[in-house]
Amino acid sequence: DRDARVVESDGGQLVAYAAVRRHGTLAAVAPGHEGRGIGTGLLAWAEGREREHGHPLHRQWVGAANGSATALLAGAGYAKARSYWRLVRPLDGDGPAPAASDGVRLRGIDIARDAERLHAIDEAAFASAPDYLPESLETFRQQHLQAHDSAPELSLVAEDGAQPVAFLLARRRHEEPIGFIALLAVEPAHQRRGIGTTLLQRAFA
């Protein structure tokens with residue numbers, strides 16, 4: 001409750017919000033209420049909250065078509081750091097689920113048993129990403145394994161021998177409705193073996 005704020009009109013209508021999250025702030029102002037300084041106020045609040053957290057940088061996510069938010073941030077001295085693409089594909093006509101790579105076995109996720117190992121794989125797989133930030137096991141558990149829309153029955157672990165070397169976390173988005181692959185990670189020493197592709201194809205099936 002300390003990391004989010006909403007803005008209401010005089011009539012009590014919700015017209016804007018901001019939420020400071022670990023990987024970047026989300027903020028939105030209803031189009032009919034832009035140009036009134038609401039976004040500027042929310043940006044100042046978000047920067048202050050980031051300072052309270054001790055974060056050295058403030059990141060904010062902006063939709064590619066949101067010109068007003070882009071202009072606001074650029075005017076405040078912000079620069080584009082990276083782009084995020086959401087890829088979509090239909091699930092019609094898929095064949096049978098593919099077999100796993102040689103020596104690799106796929107199984108479902110056991111959150112209690114797997115959490116620590118999956119956290120280690122995630123940290124290793126993304127350590128070279130430009131905006132990588134280490135996260136604690138408890139944060140990983142809360143934000144990924146126990147997210148409100150997580151679907152452990154659709155998620156997968158890939159084992160080489162008895163050791164997990166990759167995983168895929170799936171979520172259900174009933175309101176859209178779609179299946180959503182939230183995280184796919186392969187331990188660096190086991191990359192380029194087709195394990196990630198197999199996990200994706202099995203998830204699609």
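How big is the volume of the largest cavity? About 60 Å³, in what is a predicted model. That cavity is worth a look, and so are a pocket, two aromatic pairs and a couple of arginines sitting over rings, namely Arg 89 over Phe 204 and Arg 173 over Phe 180. Here's the quick tour, by topic.

**The cavity**

- The structure holds one cavity of 30 Å³ or more.
- Its lining is made up of Ile 109, Ile 111, His 144, Leu 145, Ser 150, Ala 151, Pro 152, Ser 155, Leu 169 and Ala 170.
- Two elements, α4 (137–145) and β6 (163–173), each chip in at least two residues to the lining of the largest cavity.
- By residue class, the lining of the largest cavity comes out as seven nonpolar, three polar and no charged.

**The second largest pocket**

- The second largest pocket has a volume of about 350 Å³.
- There are 23 residues lining the second largest pocket, and the ones closest to its centre are Val 29, Gly 39, Ser 68, Ala 69 and Leu 72.
- Elements giving two or more residues to this lining are β3 (26–29), α1 (38–53) and α2 (67–75).
- α1 supplies the largest share of the lining of the second largest pocket, with six residues.
- Here the residue classes split into 12 nonpolar, nine polar and two charged.

**Aromatic pairs**

- You'll find two aromatic pairs in the structure.
- In one of them, the ring centres of Trp 61 and Tyr 84 are 6.1 Å apart with the planes at 80 degrees, so this pair is edge-to-face.
- Trp 61 sits in the loop between α1 and α2, while Tyr 84 is in the loop between α2 and β4 (104–107), so the pair ties together parts 23 residues apart in sequence.
- As for exposure, Trp 61 is partly exposed at a relative accessible area of 34%, whereas Tyr 84 is exposed at 57%.
- Phe 140 and Phe 167 pair up too: their ring centres are 6.3 Å apart and their planes are at 85 degrees, so this one is also edge-to-face.
- With Phe 140 in helix α4 and Phe 167 in strand β6, that pair ties together parts 27 residues apart in sequence.
- Both Phe 140 and Phe 167 are buried.

**Arginines to look at**

- Arg 89 lies over the face of Phe 204, with 4.4 Å to the ring centre.
- Arg 173 does something along those lines with Phe 180: its charged end sits over the ring, 4.0 Å from the centre.
- Arg 171 is in strand β6 and counts as buried, because its relative accessible area of 14% falls under the 20% cut-off.
- A polar atom of the Arg 171 side chain lies 2.8 Å from the backbone oxygen of Gln 143.

**One more residue: Thr 70**

- Thr 70 belongs to helix α2 and is partly exposed, with a relative accessible area of 42%.
- From Thr 70 to Ala 100 it's 30 residues in sequence and 44 Å in space, going C-alpha to C-alpha.

Methods:
Residues numbered from 1 in each chain as written. Predicted model: local features only at pLDDT ≥ 70, side-chain atom pairs only at ≥ 80, totals over all residues. Heavy atoms only, no water. 1 Å grid on protein atoms, 1.4 Å probe; cavity = no way out; pocket = protein on both sides within 12 Å on 5 of 7 lines; lining within 4 Å. Points joined across faces, edges and corners; volume = space filled by probe spheres on them. Helix = DSSP H or I, 4+ residues; strand = E, 2+ residues; numbered from the N terminus. Nonpolar A, V, L, I, M, F, W, Y, C, P; charged D, E, K, R; others polar. Phe/Tyr/Trp six-rings, centres within 6.5 Å; stacked < 30°, edge-to-face > 60°. Buried < 20%, exposed > 50% of the residue type's maximum accessible area, 1.4 Å probe, protein only. Lys NZ or Arg CZ within 6 Å of the ring centre and 35° of its normal. Polar contact = N/O pair within 3.5 Å; in protein donor to acceptor, adjacent residues only side chain to side chain.
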